[in-house]
Amino acid sequence: INLENKDYSEIALQAYDEVKIFTIPNWSDNRKITLRGEVKFPGVYSINKGERLSDILKRAGGFTDDAFLDGALFTRESVRKNQVKEFNQSIAKVKRDLSLHNAMPANTKSSVNTPSQASINTLESTLKEAEKYQPIGRISLTMDIDIDNFQDSDFNLVLENEDTLTIPGNIDTVTVFGE
């Protein structure tokens with residue numbers, strides 16, 4: 001069939017005809033990365049297969065003068081999902097071990113508070129706090145203000161759908177904790 005012929009009404013399918021529609025090479029669902037913070041043009045950018053972080057940073061105009069690159073936060077959805085899975089498995093293992101420990105007659109709560117029981121109580125409260133934690137899929141990066149230099153670094157990742165890069169502004173305050 002001549003695909004340039006726009007009048008498809010003249011094409012009549014008959015019994016046992018086969019129609020095959022092939023995908024366009026490198027065609028995919030709309031894949032995106034979100035750039036936030038101190039880039040010249042923050043926003044959501046469409047990405048192509050094999051595109052790297054430096055390519056998107058160039059499209060976004062690079063960094064602003066206020067960019068604090070040491071505070072860059074790069075997150076990836078596939079990494080987050082893996083972190084959640086591993087985290088949940090770790091929590092479940094600790095809970096199983098704790099249940100087994102508490103099921104032993106010598107370790108029941110009716111026994112006198114021993115150092116072991118105090119440890120168990122601390123572990124139980126730590127587990128409750130840990131369950132509030134939600135992994136974000138962070139990948140550590142070392143950024144370079146010069147995108148051409150960054151392009152040659154090991155941190156110039158191939159992008160995946162739903163990646164996010166947040167570049168905070170320079171921080172001009174100091175926080176002191178403790179005595």
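Buried means under 20% relative accessible area, exposed means over 50%, and partly exposed lies in between. These classes are used in the legends below, which describe close-up views of a predicted model.

**View 1. Arg59 and Glu51 form a salt bridge.** The closest N and O atoms of Arg59 and Glu51 are 2.7 Å apart. Arg59 has a relative accessibility of 39% and therefore counts as partly exposed, since that class lies between the 20% and 50% cut-offs. Glu51, at 12% relative accessibility, counts as buried.

**View 2. Surroundings of Glu51 in the loop between β2 (43-46) and α1 (53-59).** A polar atom of the Glu51 side chain lies 2.8 Å from the backbone nitrogen of Asn48. With neighbours within four places in sequence left aside, Glu51 is in contact with Ser46, Ile56, Arg59, Leu157, Val158 and Leu159. Arg59 in this list is also the salt-bridge partner of Glu51. The relative accessibility of Glu51 is 12%, so this loop residue counts as buried.

**View 3. Lys58 and Asp148 meet through their side chains in a salt bridge.** The N to O distance is 3.6 Å. Lys58 belongs to helix α1 and Asp148 to helix α4 (residues 147-151), so the pair ties together parts that are 90 residues apart in sequence. Lys58 counts as partly exposed because its relative accessibility is 41%. Asp148, with a relative accessible area of 46%, is partly exposed.

**View 4. A salt bridge joins the side chains of Lys132 and Glu129.** The N to O distance in this pair is 3.0 Å. Lys132 is exposed, its relative accessible area being 60%. Elsewhere in the model, Arg76, Glu160 and Asp163 are joined into one network by salt bridges that share partners. The count of salt bridges comes to 6.

**View 5. Strand β5 (residues 163-167) pairs with β1 and with β3.** The pairing of β1 and β5 is parallel and runs over 5 bridges. Within it, Ile33 has Asp163 of β5 as its bridge partner. Asp163 is also a member of the salt-bridge network with Arg76 and Glu160. Strand β3 (residues 73-75) pairs with β5 in the antiparallel sense over 3 bridges. Here the bridge partner of Leu73 is Thr166 in β5. Strand β5 is mostly covered, with 4 of its 5 residues buried.

**View 6. Leu98 in helix α2 (residues 77-103).** The relative accessible area of Leu98 is 8%, so this residue is buried. Not counting residues up to four places away in sequence, Leu98 touches Ile120, Leu123, Glu124 and Leu127. One of these, Glu124, is 26 residues from Leu98 in sequence, and the C-alpha to C-alpha distance between the two is 8.2 Å.

**View 7. A nonpolar surface patch made by Tyr8, Ile11, Leu13, Val19 and Ile21.** The area of the patch is about 560 Å². Leu13, one of its members, is placed in the segment before β1 (32-37). With a relative accessible area of 61%, Leu13 is exposed.

Technical notes:
Residues are numbered from 1 along each chain as its sequence is written. This is a predicted model: local features need pLDDT of at least 70, side-chain atom pairs count only at pLDDT 80 or more; totals for chains, interfaces and linings use all residues. Side-chain values use heavy atoms; hydrogens and water are left out. Patches are made of residues with over 30% relative accessible area and no salt bridge: like charges are joined within 9 Å, nonpolar side chains (Val, Leu, Ile, Met, Phe, Trp, Tyr) within 5 Å. Accessible areas come from the Shrake-Rupley method with a 1.4 Å probe; for residues, only the protein chains shown count as cover. A salt bridge is a side-chain nitrogen of Lys or Arg within 4 Å of a carboxyl oxygen of Asp or Glu. Helices (H or I, at least four residues) and strands (E, at least two) are DSSP runs, numbered from the N terminus. Buried means under 20% relative accessible area, exposed over 50%, partly exposed in between (1.4 Å probe, protein chains only). Two strands pair if DSSP finds at least two bridges between them. A polar contact is a pair of N or O atoms within 3.5 Å; within protein, one must be able to donate a hydrogen and the other to accept it, and residues adjacent in sequence count only if both atoms are side-chain atoms. Contact means heavy atoms within 4.5 Å.
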